[in-house]
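Student: I'm new to this one. Can you walk me through it?
Tutor: Sure, let's open it up.

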Amino acid sequence: MSELRVRFAPSPTGHLHIGGARTALFNYLLARKEQGTFVLRIEDTDVARSTQESVDAILDAMKWLGFTCDEGPVYQSERFELYREKIDQLVSEGKAYRCYCRQDELDQKREAAQAKGLKPKYDGTCRDRSDHPENTPYVIRFRSPLSGETSFNDRVKGVITFSNDELDDLIIQRTDGTPTYNFVVVVDDATMNITLVLRGDDHINNTPRQIVMYKALGYPVPDFAHVPMILGSDKTRLSKRHGATSVMAYRDMGYLPEALVNYLVRLGWSHGDDEIFSMEELIEKFSLDNIGRSASVFNPDKLLWLNAHYIKTGHSQRLADLLKEYMQAAGIETSKGPNLVAVVKTLQERARTMVEMAEAARFYFADTVEVDPSAAEKFLTADKKPVLGAVIRHLHLLKQADEVSIGKTFDTIMEETGLKLGKIGPSVRVALTGSTSSPGIYEVISVLGIEESCRRLQRIQESL
RNA sequence: GCGCUCAUCGUCUAGCCUGGUCUAGGACACCGCCCUUUCACGGCGGCGACGGGGGUUCGAAUCCCCCUGGGCGUACCA
C-alpha cells in the first residue's frame with residue numbers, strides 16, 4: 001500500500017453518467033496503479049434531491065464497470081454530527097458567522113450587482129454583525145479572506161492562481177441546519193485522509209474556496225488534479241440532449257463494460273498510438289502525466305467500434321451467457337434451438353452490440369422463419385424448387401454436420417446440377433434465415449443441424 | 001459582465017516540457033480497391049489538421065505576447 005488515497009464522490013441525484021464514470025475510472029486506475037486506496041463517498045447532503053434509487057443505480061454501474069472500491073461507500077448523510085462539530089468550531093473561532101439575510105434579498109442584490117457589472121458576490125451585510133435576533137432563520141457563512149491570493153499546483157493543469165477577492169463568503173450551513181457541498185467536501189477529504197483530489201475541471205473554481213477552508217480548519221491541503229470535461233457533439237457539456245449519458249443505458253444498448261472503459265479512458269488520456277487496453281494494461285500504464293488539458297467530444301462511433309472489437313475478440317461462452325439475457329429482453333425464447341455458443345461464434349464478427357447480435361440470432365430460434373418479402377421475390381422463385389430439392393436430398397445423406405462436410409456436399413450438388421454456388425447459395429440462405437445477409441450458409445446449416453435445416457428448406461420448397 | 005481555463009485532421013489523439021529527425025504520426029468515421037456464397041471480418045490505398053497576427057531564433061506545431069474562438073464557474077446543487 002502506498003500513501004495515495006483517492007476518492008470518487010458522486011451525488012445521488014441521478015444515474016451514473018459518462019463523465020462521472022470516467023472520473024471514477026481515473027481514480028480507480030490511479031489507486032490500483034500506485035497501490036493506493038480508492039474510497040467511494042456518496043455526497044448526499046442535499047436531502048431534498050438525493051434518492052436511494054440513485055445510490056443503487058450508481059453502485060450498480062460501478063459494479064458493472066468493475067470499479068471496486070477499497071473503502072466505502074461512505075454516506076455524508078451519516079456524518080452530519082461531524083460537520084456540525086466543525087461548523088461550531090469555525091463559528092467559535094470567528095472564522096464563520098451567522099447570516100440573517102433572506103434569500104429574496106440576496107437574489108435582488110445579486111441581480112443588481114450583476115446589472116451594474118459588479119461581481120455577484122455576497123455583500124457582507126452580516127459579516128461583522130454581533131447581534132443575534134430571536135426567532136429569525138439564519139445560515140452560517142464562511143469568513144473568506146478579502147485580500148491576497150490562493151494558488152495551487154494542479155497535477156494536470158499546472159499552477160492556478162485566484163485572487164482572494166474573487167472568493168465569496170460561502171454558505172456552509174443552510175437554514176435547515178444541513179451543511180453544504182464546499183464545506184463537507186473539505187471536512188471529508190481531510191478526515192478521510194485523501195491525498196489527491198482527482199475530479200472534473202468544473203470544480204476548479206471551487207478549489208480555492210475549499211483551500212481557504214482547509215487552512216481555516218487547520219487541515220493539510222491535498223493535491224488536486226482536474227480532468228477536462230466531456231462535451232457533446234455541439235461542444236457543450238454532455239447532457240441528455242446528446243443522447244444516452246447513463247452508463248447503464250449503454251449496457252442496455254448492448255455495450256460491453258470493457259468497451260466503455262476502453263473508450264472512456266481514451267477521452268483525455270493516451271499512451272502513444274495505442275488504442276486497445278485491457279483493464280490490466282490500463283492499471284499498468286495509466287498515469288496523470290498523460291492526461292490532456294483540453295475538453296473532448298464524446299464520439300459514439302468510436303465507442304461502437306471498440307464494442308465491436310471486444311465482441312469480436314471476446315470469449316464465446318461468456319458472450320453466450322450475455323446473449324441469452326439480451327435475447328430474453330428481445331422476447332426471443334432460447335431454451336429450445338441451437339447451442340448458444342455455436343450461435344455466438346457465427347455472429348461475433350457481424351454484431352457491433354449485443355442487441356444487434358440478439359437480433360441477428362433471432363432466425364436461429366424461430367419456429368418458422370420470417371422471410372423478407374423482397375428477398376423471397378428474388379431468390380425463392382418457383383424455378384428454385386428442384387435445386388432446393390437436391391440440397392435437401394444431399395443434406396439428408398450427410399452423417400456429420402460440420403462445415404467441411406457440408407461444403408463437400410455443396411460441391412457435389414454443384415457438380416450434379418451444373419450450377420455455381422452463386423445460383424444455389426442465396427436461395428438456401430433466404431430459406432434458412434429469411435434474409436439475404438447472414439453468417440455463411442455452411443455455418444448456419446452446421447449450427448442449425450441437418451434435421452432443422454432440412455425442415456426449413458422443405459417447408460419453403462413445398463410452398464414454391 | 002467578471003473569474004478560471006483550453007486551442008494539432010469532422011472526432012479522439014501522438015508530437016510540444018528537452019525548438020531542426022514533422023513534406024505533422026495513429027485511431028474512429030467517410031471514399032476506393034482486394035478478399036469473398038450474402039452480410040460482415042480482414043488487407044491495401046485515399047481524403048483530411050498545427051485558429052489568426054506579431055515576436056524570439058539560422059530554424060517554431062513546439063518558446064513569448066496579443067487577438068479570436070470554445071469550455072467551466074459565478075446557488076441555502078454537487
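Student: How many bridges join strand S9 to S10, and do they run parallel or antiparallel?
Tutor: This is a predicted model, to start with. Strand S9 (residues 196-200) and S10 are joined by 5 bridges. The two strands run parallel.

Student: Which residue is the bridge partner of Arg199 in S10?
Tutor: His226.

Student: And what unit do S9, helix H6 and S10 make?
Tutor: A β-α-β unit, with H6 covering residues 206-217. The unit is right-handed.

Student: Why is S10 largely enclosed by the rest of the structure?
Tutor: S10 spans residues 223-227, and 4 of its 5 residues are buried, so the strand is largely enclosed.

Student: New topic, the RNA. Which residues come nearest to RNA strand B?
Tutor: There are 59 residues around the strand. Arg174, Thr175, Gly268, Glu349 and Arg350 come nearest.

Student: What does Gly268 contact there?
Tutor: A backbone N or O atom of Gly268 sits 2.4 Å from a phosphate oxygen of RNA strand B.

Student: What about the side chains of Lys235 and Asn206?
Tutor: Lys235 has a polar side-chain atom 3.2 Å from a phosphate oxygen of the RNA. For Asn206, a polar side-chain atom lies 3.2 Å from a base nitrogen.

Student: Which part of the RNA faces the protein within 4 Å: sugar or phosphate, or bases?
Tutor: Of the RNA atoms within 4 Å of the protein, 70% belong to sugar or phosphate. The rest belong to bases.

Student: Which element gives the largest share of the surface near the RNA?
Tutor: H10, with 4 residues. That helix covers 300-313.

Student: How does that surface divide into nonpolar, polar and charged?
Tutor: 15 residues are nonpolar, 23 polar and 21 charged.

Methods. Residues are numbered from 1 along each chain as its sequence is written. Chains are lettered from A and ligands numbered from 1 in the order in which they are written. This is a predicted model: local features need pLDDT of at least 70, side-chain atom pairs count only at pLDDT 80 or more; totals for chains, interfaces and linings use all residues. Side-chain values use heavy atoms; hydrogens and water are left out. Buried means under 20% relative accessible area, exposed over 50%, partly exposed in between (1.4 Å probe, protein chains only). Two strands pair if DSSP finds at least two bridges between them. A crossover is right-handed if, with the strands pointing away from the viewer, the path from the first strand over the helix to the second runs clockwise. A residue is near a molecule or strand if one of its heavy atoms lies within 4 Å of it. A polar contact is a pair of N or O atoms within 3.5 Å; within protein, one must be able to donate a hydrogen and the other to accept it, and residues adjacent in sequence count only if both atoms are side-chain atoms. Ala, Val, Leu, Ile, Met, Phe, Trp, Tyr, Cys and Pro count as nonpolar, Asp, Glu, Lys and Arg as charged, and the others, Gly among them, as polar.
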